[in-house]
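Visitor: I've got a structure on my screen and a few things I'd like to ask about it. Could you walk me through them?

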There are 2 protein chains.
Amino acid sequence: MINKENLTQHISQQFNAELEEVRSHLLAMGGLVEKQVNDAVTALIDADSGLAQQVREIDDQINQMERNIDEECVRILARRQPAASDLRLIISVSKSVIDLERIGDEATKIAKRAIQLCEEGEAPRGYVEVRHIGDQVRKMVQEALDAFARFDADLALSVAQYDKTVDREYKTALRELVTYMMEDPRAISRVLSIIWVLRSLERIGDHARNIAELVIYLVRGTDVKHLGLARMKEEVQGPGKAD
Amino acid sequence: MINKENLTQHISQQFNAELEEVRSHLLAMGGLVEKQVNDAVTALIDADSGLAQQVREIDDQINQMERNIDEECVRILARRQPAASDLRLIISVSKSVIDLERIGDEATKIAKRAIQLCEEGEAPRGYVEVRHIGDQVRKMVQEALDAFARFDADLALSVAQYDKTVDREYKTALRELVTYMMEDPRAISRVLSIIWVLRSLERIGDHARNIAELVIYLVRGTDVKHLGLARMKEEVQGPGKAD
């Protein structure tokens, strides 16, 4: 027999299952995107055009995942009319997929440059920097997703903080490559390809930071976008806490 | 006297007013962003570092507008539990502000390059291309916003279609500038600044296209992201229609 209380409980269990499902779909998409970043960087460094081609082909899957998760979010908003933390979860998921999809796009751009460099011959400089910054931003993506999985605002904060390090190293690498171009103008086109790759990696770091900010919004209820790191830290750890 | 019918009508009028308000806030933000793009390009071409500085300062206002509109959308979702086209409106607005904010970011990047070129001396090439592509993408932003204001899916489609033209011209400009760098390596740093500006403009075109896709979603109810222009056209104009 279904009485009213049972029914309410039943609906709420089903609702929770839907929320859990959309979150797990986001994490699955995130896992694939993270792999794409890793594969694109590996393809570039190993001059593996087969792997680069694979990255390009998988991008369609990521786009499809974005569409599906978007649909799930709209369906939940329309049918379940979530409030409070449930609503924040749906908002965070529906914004995070945008960032994940763009990280996927940047991975595809890196893969295209990898293929181009396989044809033109390798660039004389910049691979160390690509590997290094590539590792950093891949880790940022991974930790932003971990933070989402565990509702961990502290981990999200550390991802956002780390973005500054990436930006600094990106700028240093860029200056060195521009200097090199002046010394060896014949390599301009190939060095420029490496510069585009570094730019894509730096953008991936920005998107990971965006996801981290959404995790803080989800867990703490405050929109920390554009607030700056000091204010963000206060929101996560409380005011006046030592570093 | 308030009876139940009056109350329902009263609530629905208030709800409509809120929807109208959030849409008008989006359009106001869009107008400011469009002005930022225009001013940034003008600052670069006229070597006007004062105007460039102004663009950088106004970016904070745009960020604040994004936060406010976001808050409005969350409030409406939580209190009004919109469905169907009302829900699509809120979703389109809350995604469009992300693109508008990023267009604002790109305008700020262009302004920074303008200031840098004021200090380093002007680049030997690329201003014609910056003006031309700058005009094109500013127009795309303007028309994407017009399409939003008028619920005009056909205009939105033409914005999305135009993005291909911008991408093509961007690539041509890039090739020419790379060739020029090889001929005059002393100009590499300054020409690279122009290349970054063109890249920002091309990104602005992408964001305008995203907004156009959201207008189509809003008006037609179909998510046309990643569908390709042919399918997008079918969704807007119906299948099998001649060009």
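Visitor: Where in chain B is B:Ala47 found?
Guide: Keep in mind that this is a predicted model. B:Ala47 counts as partly exposed, at 48% relative accessibility. Helix H1 of chain B covers 4-45 and helix H2 covers 49-80, so by those boundaries B:Ala47 is in the loop between H1 and H2.

Visitor: What is the phi of B:Ala47?
Guide: Most residues other than glycine have a negative phi. B:Ala47 isn't a glycine, yet its phi is positive, at about 50°.

Visitor: And B:Gln81, which loop is that one in?
Guide: B:Gln81 is another non-glycine with a positive phi, about 45° here. Its relative accessible area is 32%, which makes B:Gln81 partly exposed. Helix H3 of chain B runs 84-120, and B:Gln81 is in the loop between H2 and H3.

Visitor: What does the secondary structure of chain A come to, helices or strands?
Guide: Reading from the N terminus, the elements of chain A go α-α-α-α-α-α-α. The count of strands is zero, and that of helices is seven.

Visitor: What does the C-alpha trace of chain A span along its principal axes?
Guide: Chain A has 243 residues, and 53% of them are buried. Of its contacts with a separation of 6 or more, 80% are between residues 24 or more positions apart. The C-alpha trace spans about 80 × 45 × 20 Å.

Visitor: How far apart are the mean positions of the positive and negative charges in chain A?
Guide: Chain A exposes about 11,000 Å², with carbon and sulfur atoms supplying 47% of that. As for charges, there are 33 positive and 42 negative ones, and their mean positions are apart by 4 Å.

Visitor: How are the two copies related?
Guide: A turn of 180° with a shift of 0.0 Å along the axis lays chain A on chain B, with an RMSD of 0.0 Å. The copies are thus related as by a two-fold rotation axis.

Visitor: Which residue of chain A has the C-alpha nearest that axis?
Guide: The axis in question is the one for the turn of 180° that lays chain A on chain B. In chain A, the nearest C-alpha is 2.8 Å from the axis, and it belongs to A:Gln81.

Visitor: What area is buried between chain A and chain B?
Guide: The contact involves 38 residues of chain A and 38 residues of chain B. 100% of the interface residues of chain A are interface residues in chain B too, so the copies meet through the same surface. Carbon and sulfur atoms give 60% of the buried area, which is about 3,500 Å².

Visitor: Which residues of chain A lose the most area to chain B?
Guide: Three residues together account for 18% of what the chain A side buries. They are A:Arg67, A:Trp196 and A:His226.

Visitor: Which residues does A:Met182 touch?
Guide: A:Met182 lies in helix H5 of chain A, residues 153-183. At a relative accessible area of 37%, A:Met182 is partly exposed. Leaving out residues up to four places away in sequence, A:Met182 touches B:Pro185, B:Ile188 and B:Ser189.

Visitor: Is A:Ile90 buried or exposed?
Guide: A:Ile90 lies in helix H3 of chain A. Beyond its neighbours within four places in sequence, A:Ile90 is in contact with A:Leu19, A:Val22, A:Cys73, A:Ile76, A:Leu77 and A:Pro82. Buried means under 20% relative accessible area, and A:Ile90 has 1%, so A:Ile90 counts as buried.

Visitor: What separates the C-alpha atoms of A:Ile90 and A:Leu77?
Guide: These two residues are in contact. They are 13 residues apart along the chain, and their C-alpha atoms are separated by 7.8 Å.

Visitor: Which residues is B:Val141 in contact with?
Guide: B:Val141 lies in helix H4 of chain B, residues 127-150. B:Val141 is buried, with a relative accessible area of 1%. Setting aside neighbours within four places in sequence, its contacts are B:Glu34, B:Ile103, B:Ile204 and B:Ala208.

Visitor: Last one: which helix of chain B is B:Ser193 found in?
Guide: B:Ser193 is buried, at 1% relative accessible area. Not counting residues up to four places away in sequence, B:Ser193 touches B:Arg113, B:Gln116 and B:Leu117. The helix with B:Ser193 covers residues 188-220 and is H6.

Terms used. Residues numbered from 1 in each chain as written. Chains lettered and ligands numbered in written order. Predicted model: local features only at pLDDT ≥ 70, side-chain atom pairs only at ≥ 80, totals over all residues. Heavy atoms only, no water. Helix = DSSP H or I, 4+ residues; strand = E, 2+ residues; numbered from the N terminus. Buried < 20%, exposed > 50% of the residue type's maximum accessible area, 1.4 Å probe, protein only. Contact = heavy atoms within 4.5 Å. Areas by Shrake-Rupley, 256 points an atom, 1.4 Å probe, with all protein chains shown as cover. Lys, Arg positive; Asp, Glu negative; His and termini not counted. Charge placed at Lys NZ, Arg CZ, Asp CG, Glu CD. Least-squares fit on C-alpha atoms with pLDDT ≥ 70 in both. Buried area = accessible area lost by both parts, 1.4 Å probe.
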